[in-house]
Amino acid sequence: MRIVSGIQPTGNLHLGNYLGAIKRWVEMQAEGECLFFLADLHAITVHNSPAELRDNVRAMAAALIACGIDPARSILFNQARVPAHAELAWLLNGTARIGWLNRMTQFKEKSGKNREAASVGLFAYPVLMAADVLLYQATHVPVGEDQKQHLELARDVAAKFNTDFEVDLFTLPEPLIGKAGARVMSLRDGTAKMSKSDASDMSRVNLNDESDLIAQKIRKAKTDAEPLPDSVDGLEGRPEARNLVAIFAALTGSDAQVVLDRYAGQGFGTFKPALADLLVETMRPIKNRLDELRANPEELDSILVQGSARAAALGAPTLAGAYEALGLQR
């Protein structure tokens with residue numbers, strides 16, 4: 001099994017990112033050969049500050065390593081250091097169809113009402129996403145609900161290319177549907193996802209938060225006056241209570257009912273301190289490793305350079321095969 005997955009370099013991660021996806025990535029390293037990349041080429045489909053983008057790539061690499069991605073076991077790199085991503089995307093643009101891209105719901109959502117002002121890159125980036133996985137003959141790609149459509153497009157592009165040019169070049173990747181990561185909601189509004197874009201820093205736990213601040217955020221998290229119920233059904237209509245219970249369950253690798261069996265009938269005056277202690281102990285080693293890495297950008301650059309070299313070597317035969325199938329002389 002060869003697993004390929006990417007993440008936008010948006011700077012520091014928060015608890016929602018960690019419990020929602022990254023914790024699962026760490027577990028995947030025992031399941032197959034993994035390639036994890038920082039999607040800096042995707043990032044430029046909208047305007048970015050160049051300096052901020054460079055910093056974000058390093059920050060995201062540091063966060064992934066601190067969370068448990070091991071560059072010795074997996075290949076960790078950034079797209080821009082592997083030109084084959086962009087090369088293969090251009091080659092696949094001849095196979096992808098405008099009608100396919102017009103059906104991509106994410107472009108409609110991100111471009112909004114002013115589609116004419118959106119960049120060509122924003123429209124065509126699903127083709128780059130296809131190249132990201134097809135380049136490495138990925139057998140599996142972890143996907144959420146918002147990415148299933150893009151994986152289907154990658155499979156369509158691979159199948160059409162193989163058929164049109166009578167080759168057996170591209171592997172058709174399968175979706176990797178493992179156990180779902182926790183859906184972590186805002187600490188200030190249990191109906192909204194935890195997000196870096198929220199104006200209130202108290203709505204989220206950042207990976208670089210100090211222990212005292214983490215405890216404070218949990219202590220001040222929005223809740224209600226009722227004690228915890230004895231069953232999951234009792235959390236219906238109590239989004240903030242459900243969120244804190246879900247966080248506790250995700251941190252302990254259990255489920256909500258197990259948490260409720262332990263804390264049923266108790267109020268948040270008891271539950272919040274227990275959750276805060278658990279969260280602080282979980283985050284402390286991540287924060288310490290993150291600080292070490294952020295203080296040593298040369299180490300981060302070295303890790304990304306080495307990972308990019310490994311990725312480039314792995315993808316070279318596929319890129320060469322695509323050129324040959326198209327009759328392009330190099």
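In the predicted model, E87 is partly exposed, its relative accessible area being 27%, and the side chain of this glutamate meets that of R330 in a salt bridge with an N to O distance of 3.7 Å. The pair joins distant parts of the chain, since E87 belongs to helix α4 whereas R330 falls in the segment after α13 (297-326), with the two positions 243 residues apart in sequence. R330 itself has a relative accessible area of 66% and is therefore classed as exposed, the cut-off for that class being over 50%.

Helix α4, which spans residues 84-93, also contains H85. H85 has a relative accessibility of 0% and therefore counts as buried. The side chain of H85 is joined to that of D132 by a polar contact of 2.7 Å. When neighbours within four places in sequence are set aside, the residues in contact with H85 are L41, F77, Q79, L128, A131, D132, L135 and Y136, so that D132 appears both in this list and as the polar partner of the histidine side chain.

Across the whole structure, the search returns 18 salt bridges. One of these ion pairs is formed by E210 and K287, whose closest N and O atoms are 3.2 Å apart. Here too distant parts of the chain are linked, E210 being placed in the loop between β5 (174-176) and α9 (211-219) and K287 in helix α12 (residues 268-294), at a separation of 77 residues. K287 is buried, because its relative accessible area is 10% and the limit for burial is under 20%.

The loop between β5 and α9 also holds D209, which is buried with a relative accessible area of 7%. The side chain of D209 takes part in a polar contact of 2.7 Å with the side chain of K217, and it reaches the backbone nitrogen of N206 at 2.9 Å. Beyond four places in sequence, D209 is in contact with R204, I214, K217 and K287; K287 is thus a contact of D209 as well as the salt-bridge partner of E210.

A further salt bridge is made between the side chains of R238 and D224, with an N to O distance of 2.8 Å. Both residues are located in the loop between α9 and α10 (239-252), where they stand 14 residues apart. The two partners fall into separate accessibility classes, R238 counting as buried at 11% relative accessibility and D224 being partly exposed with a relative accessible area of 28%. Elsewhere, salt bridges link K23, R24, E27 and E31 into a network.

In soluble globular proteins, nonpolar side chains tend to be buried together. In this model the largest nonpolar core comprises 60 residues, and those with the most contacts inside it are L15, Y18, L64, L207, I247 and F271. Apart from this core lies another, of 44 residues, whose members include V4, F77, V133 and F161. Y18, with residues up to four places away in sequence not counted, touches K23, C67, L207, M283 and I286. Among these contacts, L207 is likewise one of the residues with the most contacts inside the largest core, while K23 belongs to the salt-bridge network noted above. F77, named among the members of the core of 44 residues, is also one of the residues in contact with H85.

Terms used. Residues are numbered from 1 along each chain as its sequence is written. This is a predicted model: local features need pLDDT of at least 70, side-chain atom pairs count only at pLDDT 80 or more; totals for chains, interfaces and linings use all residues. Side-chain values use heavy atoms; hydrogens and water are left out. Helices (H or I, at least four residues) and strands (E, at least two) are DSSP runs, numbered from the N terminus. Buried means under 20% relative accessible area, exposed over 50%, partly exposed in between (1.4 Å probe, protein chains only). A polar contact is a pair of N or O atoms within 3.5 Å; within protein, one must be able to donate a hydrogen and the other to accept it, and residues adjacent in sequence count only if both atoms are side-chain atoms. Contact means heavy atoms within 4.5 Å. A salt bridge is a side-chain nitrogen of Lys or Arg within 4 Å of a carboxyl oxygen of Asp or Glu. A nonpolar core is a set of buried Ala, Val, Leu, Ile, Met, Phe, Trp, Tyr and Cys residues joined through side-chain atoms within 4.5 Å.
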